[in-house]
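Here are a few exercises to work through at your own pace, each with a solution in steps. Keep the sequence and the model open beside you.

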Amino acid sequence: MIARQVGARRVIVTGLARDAARLALARRLGASEIVEADREDVEARVREITGGRLADVCLDVSGSPLATPVSIKLVRRLGTVVLAGLSGKDALMAMPMDHIVWNEIRVQGVYVKGEAAYSKAIAFIEAGAGGLPVDEIVSHTYPLERAEDA
């Protein structure tokens, strides 16, 4: 929904078949295509959907050492891969470095924390969250004393 609001013409969401409810929510929120990564060849499917052009931007929130190298193959030349998922302190992953360099792909890590970020998030939600159904998106809530469990 927000991607569409800021100008994305097409939003392709990938996930696993076991996450059918999340994928259905993504569809309701504006995803134009859903690709089940454990049932389809994601790269081939994205090529098919985009007519071979691939994505301008790929947002990988999984943190999966298996997904990130695939994400890099999903963007066009001069495309951007945004990595927002954590893999664990000592996790290493294979990266298709020649592909990144030859295609001049930008790989950008993002991580937001701290009081200023939380204040902005709260203000966004209080202002209506851009129309997002927050109750459906939030999967768990924890009391403050269990914050580390979150």
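Helices here are DSSP runs of H or I with at least four residues, strands are runs of E with at least two, and both are numbered from the N terminus. One such run is helix α2, residues 20–28, which holds alanine 24. Please keep in mind that this is a predicted model.

**Exercise 1. The whole chain**

Task: Work out how many helices and strands the protein chain has, and in what order they run.

Solution:
- Step 1. Count the elements: the protein chain has seven helices and five strands.
- Step 2. Read them from the N terminus, and the pattern is α-β-α-β-α-β-α-β-α-β-α-α.
- Step 3. Add the dimensions: the C-alpha trace spans about 45 × 35 × 30 Å along its principal axes.
- Step 4. Look at the surface, where about 10500 Å² is exposed and carbon and sulfur atoms supply 55% of that area.
- Step 5. Turn to the interior: of the 150 residues, 24% are buried.
- Step 6. Check the contacts with a separation of 6 or more; residues 24 or more positions apart account for 46% of them.
- Step 7. Finish with charge: there are 19 positive and 20 negative charges, and their mean positions lie 6 Å apart.

**Exercise 2. The sheet**

Task: Find the strand order of the open three-stranded sheet, and explain why β3 and β5 each have one side without a neighbour in the sheet.

Solution:
- Step 1. Recall that strands of a sheet pair through backbone hydrogen bonds, in either a parallel or an antiparallel way.
- Step 2. Trace the order, which is β3-β4-β5 with parallel pairing.
- Step 3. Inspect the edges: β3 (55–60) and β5 (106–109) each have a single partner strand, so one side of each is left without a neighbour in the sheet.
- Step 4. Note the twist, which averages 15° from one strand to the next.
- Step 5. Zoom in on one pair: β4, residues 75–83, joins β5 in the parallel sense over four bridges. Here leucine 83 stands opposite glycine 109 of β5.

**Exercise 3. Two positive phi angles**

Task: Compare the settings of leucine 78 and alanine 129: which element or loop holds each residue, and is each buried or exposed?

Solution:
- Step 1. Start from the usual case: most residues other than glycine have a negative phi.
- Step 2. Take leucine 78, whose phi is near 65°, a positive value in a residue other than glycine. Leucine 78 lies in strand β4 and counts as exposed because its relative accessibility is 51%, where the cut-off for exposed is over 50%.
- Step 3. Take alanine 129, which is not a glycine either, yet has a positive phi of about 55°. Alanine 129 sits in the loop between α6 (115–126) and α7 (134–137). With a relative accessible area of 2%, alanine 129 is buried.

**Exercise 4. Two residues outside the sheet exercise**

Task: Describe where alanine 24 and glutamate 36 are found, and what glutamate 36 touches.

Solution:
- Step 1. Return to alanine 24 in helix α2; at 36% relative accessibility, alanine 24 counts as partly exposed.
- Step 2. Follow the C-alpha distance from alanine 24 to glycine 79: 27 Å in space, for 55 residues in sequence.
- Step 3. Move to glutamate 36, in strand β2 (residues 33–36). Leaving aside residues up to four places away in sequence, glutamate 36 touches Gly15, Ala17 and Leu23.
- Step 4. Close with glycine 85, which is 49 residues from glutamate 36 along the chain, with 19 Å between their C-alpha atoms.

Methods:
Residues are numbered from 1 along each chain as its sequence is written. This is a predicted model: local features need pLDDT of at least 70, side-chain atom pairs count only at pLDDT 80 or more; totals for chains, interfaces and linings use all residues. Side-chain values use heavy atoms; hydrogens and water are left out. Two strands pair if DSSP finds at least two bridges between them. Axes are lines fitted to C-alpha atoms, for helices over the stretch in contact, and angles run from 0 to 180 degrees between N-to-C directions. Buried means under 20% relative accessible area, exposed over 50%, partly exposed in between (1.4 Å probe, protein chains only). Contact means heavy atoms within 4.5 Å. Accessible areas come from the Shrake-Rupley method with a 1.4 Å probe; for residues, only the protein chains shown count as cover. Lys and Arg count as positive and Asp and Glu as negative; His and the chain ends are not counted. The place of a charge is taken as NZ of Lys, CZ of Arg, CG of Asp or CD of Glu.
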